[in-house]
Amino acid sequence: MTLADLRVLCKRATPGPWVNAGRGDLRGPHQDGSDQTVAFCTYDPDGNFIAAARTWLPALIEVAEAAQMMIHEVEHDVVGEYSSPAIRAIRAALARLAEMK
């Protein structure tokens, strides 16, 4: 799965932010401004994770895409291999994302 695939999943899902209202009730915004049940999860830790993932994933996708652009620019501006620890860490994290299915 690519960042573009994740972006499509986010756009198709009920918009965030989502919250775990307890007792399995995951809630998100309704078009009229109220909140609505968007999913049900019987295990609270999973519900917390699902709500947080829906809320944060769009921003994290943007960060990953910005990091990809930065790596591309740095690699084209610098002659030879750029060996900054930060650049290596970003490159490694982006490679792990690319390997995920």
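Is Gly28 buried or exposed? Gly28 counts as buried, at 3% relative accessibility. The structure is a predicted model.

## Gly28 and strand β2

Gly28 sits in strand β2. Its relative accessibility of 3% falls under the 20% cut-off, so Gly28 is classed as buried. Leaving aside neighbours within four places in sequence, Gly28 contacts Pro17, Trp18, Ser34, Asp35, Gln36 and Val38. One of these partners, Pro17, belongs to the loop between α1 and β1. Strand β3 spans 35-40.

A separation to Ala59 places Gly28 relative to the rest of the chain. The two residues are 31 apart along the chain, and their C-alpha atoms are separated by 17 Å.

## Strand β1 and its surroundings

Asn20 is located in strand β1. Not counting residues up to four places away in sequence, Asn20 touches Asp25, Leu26, Asp44, Gly47, Asn48 and Ala51. Strand β2 covers 25-29, and helix α2 covers 44-77.

Asn20 and Asp32 are twelve residues apart along the chain. Their C-alpha atoms are separated by 20 Å.

## Backbone features in the loops

Where is the cis peptide bond? It joins Gly16 and Pro17, with omega at about 0 degrees. Pro17 is in the loop between α1 and β1, the latter being 19-20.

Arg23 has a positive phi of about 55 degrees, although Arg23 is not a glycine. This residue lies in the loop between β1 and β2. Arg23 is exposed, with a relative accessible area of 81%.

## The β2–β3 loop

Asp32 is placed in the loop between β2 (25-29) and β3 (35-40). Gly33 lies in the loop between β2 and β3 as well. Asp32 counts as exposed, at 58% relative accessibility. Gly33 is also exposed, with a relative accessible area of 67%. The cut-off for exposed is over 50%, so Asp32 qualifies at 58%.

Two separations relate this loop to α2, which runs 44-77. The C-alpha atoms of Asp32 and Leu57 are separated by 24 Å, with their positions 25 residues apart along the chain. Gly33 and Glu65 are 32 residues apart in sequence and 30 Å apart in space, C-alpha to C-alpha.

## The nonpolar core

The largest nonpolar core holds nine residues. They are Leu3, Cys10, Ile61, Ala64, Ala67, Ile71, Val74, Ile87 and Leu94. Three helices each supply at least two of them: α1 (3-12), α2 (44-77) and α3 (85-99). Helix α2 gives the largest share, five residues.

Ile61 is a member of this core. Leaving aside neighbours within four places in sequence, Ile61 is in contact with Leu3, Leu6, Arg7 and Cys10. Among these partners, Leu3 and Cys10 are core residues.

## Cysteines

How many disulfides does a search of the whole structure find? The count is zero. The sulfur of Cys10 is 18 Å from the closest cysteine sulfur, in Cys41, so the two are too far apart for a bond. The disulfide cut-off is 2.5 Å between sulfur atoms. Cys41 is likewise in no disulfide, and its nearest cysteine sulfur is that of Cys10.

Cys10 is buried, with a relative accessible area of 10%. Cys41 counts as buried too, at 13% relative accessibility. Cys10 is part of the largest nonpolar core.

## The largest pocket

The largest pocket has a volume of about 180 Å³. Ten residues line this pocket. Met1, Thr2, Leu6, Leu97 and Met100 lie nearest its centre.

Which helix supplies the largest share of the lining of the largest pocket? Helix α3 does, with three residues. Helices α1 and α3 each contribute at least two residues to the lining. By class, the lining has seven nonpolar, two polar and one charged residues. One of the residues nearest the pocket centre is Leu6, and Leu6 is also among the contacts of Ile61.

Definitions and conventions:
Residues numbered from 1 in each chain as written. Predicted model: local features only at pLDDT ≥ 70, side-chain atom pairs only at ≥ 80, totals over all residues. Heavy atoms only, no water. Core = buried A, V, L, I, M, F, W, Y, C linked by side-chain atoms within 4.5 Å. Buried < 20%, exposed > 50% of the residue type's maximum accessible area, 1.4 Å probe, protein only. Helix = DSSP H or I, 4+ residues; strand = E, 2+ residues; numbered from the N terminus. Contact = heavy atoms within 4.5 Å. 1 Å grid on protein atoms, 1.4 Å probe; cavity = no way out; pocket = protein on both sides within 12 Å on 5 of 7 lines; lining within 4 Å. Points joined across faces, edges and corners; volume = space filled by probe spheres on them. Nonpolar A, V, L, I, M, F, W, Y, C, P; charged D, E, K, R; others polar.
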